[in-house]
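Work through the exercises below with the model open. Try each task before you read its solution.

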Amino acid sequence: MPPDNLTIPSHVGIIMDGNGRWAKSRGLSRTSGHKEGLETAKRIVAHASDSGVSSLSLFAFSTENWRRAEEEVSFLMGLIKTHLRKQYDFYKERGLRVTHSGNLERLPSDVRKEILLVEKDTSSFTGMRVNLLINYGGRDEIIRAFKKYIRSGGLPEDIDEEALSTNLDYPDIAELDLLIRTGGELRISNFLLWQAAYAELFFSDTYWPDWTSENLDEAFSHYSKRQRRFGGVPT
Ligand code: IPE
Ligand code: IPE
Ligand code: MG
């Protein structure tokens, strides 16, 4: 459980960055960094769930990550697939509902299959939502939302924020409250562009594999001190 007096954000998004540099600093292969990063993800999912977060969006693979070496890409795809296949008990124990944001089309069919299966198997769970962003890009999601809108007969003159956001991958978790990026970079790299419009930002220098529940508590502690104004003036 986190310390008392913290405001827990409802929807937290994490750009889990720094696996490669973590591995390099230990003389290990980048793939070992990704393996360790997966262990961190499970640790942080458990702590976020215990803390009362409603939805946790985890950036696992971006639409730009295909630019990496073939070996690294196929390792990541394999890691995602095996995790989803083997970790059903982890999700079930905590009642976690798994959803996927991103473009299913370019994913290898075996990965796509595991994603659809875990979404289905956990769909009745009522605990924290774990939204996995795999082959996800914020721009790609917005383009797909426009396509869905047009295909359903939507007219240009009717486009407004609601029309667009109801066509995003998960309209019910459209607002992001806290955006965390680990690993020291100060950018958002195409992560939840629409949803992050009014998110509070928290950047951490710690590489993702070194992240612990204390780091998440520290992010919550900063979030608790923020004054969210949404363009208004506090009365
Ligand atoms: C983040 O770690 C994980 C993915 C992008 C899949 P990186 O692999 O980007 O690690 P660095 O940034 O090279 O250290
Ligand atoms: C963002 O990290 C993507 C994920 C964490 C999955 P990157 O490492 O790919 O981002 P850049 O290239 O540093 O912007
Ligand atoms: Mg990186």
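**Exercise 1.** In which segment does F230 lie?

*Solution.* F230 is in the segment after α8 (213-225). Helices (H or I, at least four residues) and strands (E, at least two) are DSSP runs, numbered from the N terminus. The phi of F230 is near 50°, a positive value in a residue other than glycine. Most residues other than glycine have a negative phi.

A note on the source: this is a predicted model, in which local features need pLDDT of at least 70 and side-chain atom pairs count only at pLDDT 80 or more, while totals for chains, interfaces and linings use all residues. Residues are numbered from 1 along each chain as its sequence is written, chains are lettered from A and ligands numbered from 1 in the order in which they are written, and side-chain values use heavy atoms, with hydrogens and water left out.

**Exercise 2.** Trace the sheet and find its edges.

*Solution.* Step one: take the order. The sheet is open and has six strands, β3-β4-β2-β1-β5-β6, with parallel pairing. Two strands pair if DSSP finds at least two bridges between them. Step two: find the edges. They are β3 (97-101) and β6 (200-203), and each pairs on one side only. Step three: check the twist. Neighbouring strands are turned by 20° against each other on average, direction ignored. Axes here are lines fitted to C-alpha atoms, for helices over the stretch in contact, and angles run from 0 to 180 degrees between N-to-C directions.

**Exercise 3.** Look at two strand pairs and at a helix on the sheet.

*Solution.* Start with β1 (residues 11-15) and β2 (residues 55-62), which pair in the parallel sense over five bridges. In this pair, G13 stands opposite S57. Helix α2 (residues 30-51) packs on the sheet and touches β1, β2 and β4 (129-136). Contact means heavy atoms within 4.5 Å. The direction of α2 makes about 160° with that of β2. Now move to β5 and β6, which run parallel and are joined by four bridges. L178 has E200 in β6 as its bridge partner. The covered face of β6 holds E200 and F202, the uncovered one L201 and F203.

**Exercise 4.** Is R139 buried or exposed?

*Solution.* R139 sits in helix α6. Its relative accessibility is 61%, so R139 counts as exposed. The cut-offs: buried means under 20% relative accessible area, exposed over 50%, partly exposed in between (1.4 Å probe, protein chains only). R139 touches N190 and L193, not counting residues up to four places away in sequence. R139 and L193 are 54 residues apart in sequence, yet 7.1 Å apart in space, C-alpha to C-alpha.

**Exercise 5.** Examine the salt bridges.

*Solution.* A salt bridge is a side-chain nitrogen of Lys or Arg within 4 Å of a carboxyl oxygen of Asp or Glu. By this rule the count is 18.

- K42 pairs with E39, the closest N and O atoms being 3.8 Å apart. Because they are three residues apart in helix α2, about one helical turn separates K42 and E39. K42 is buried at 18%, and E39 is partly exposed at 38%.
- E72 meets R68 at 2.8 Å, N to O. E72 is buried at 9%, whereas R68 is partly exposed at 32%.
- D110 meets K81 at 2.9 Å, N to O. This pair links distant parts of the chain, D110 in helix α5 (residues 109-121) and K81 in helix α3 (residues 70-86), 29 residues apart.

Last step: D17, R21, R181, E185 and R187 are linked in a network of salt bridges.
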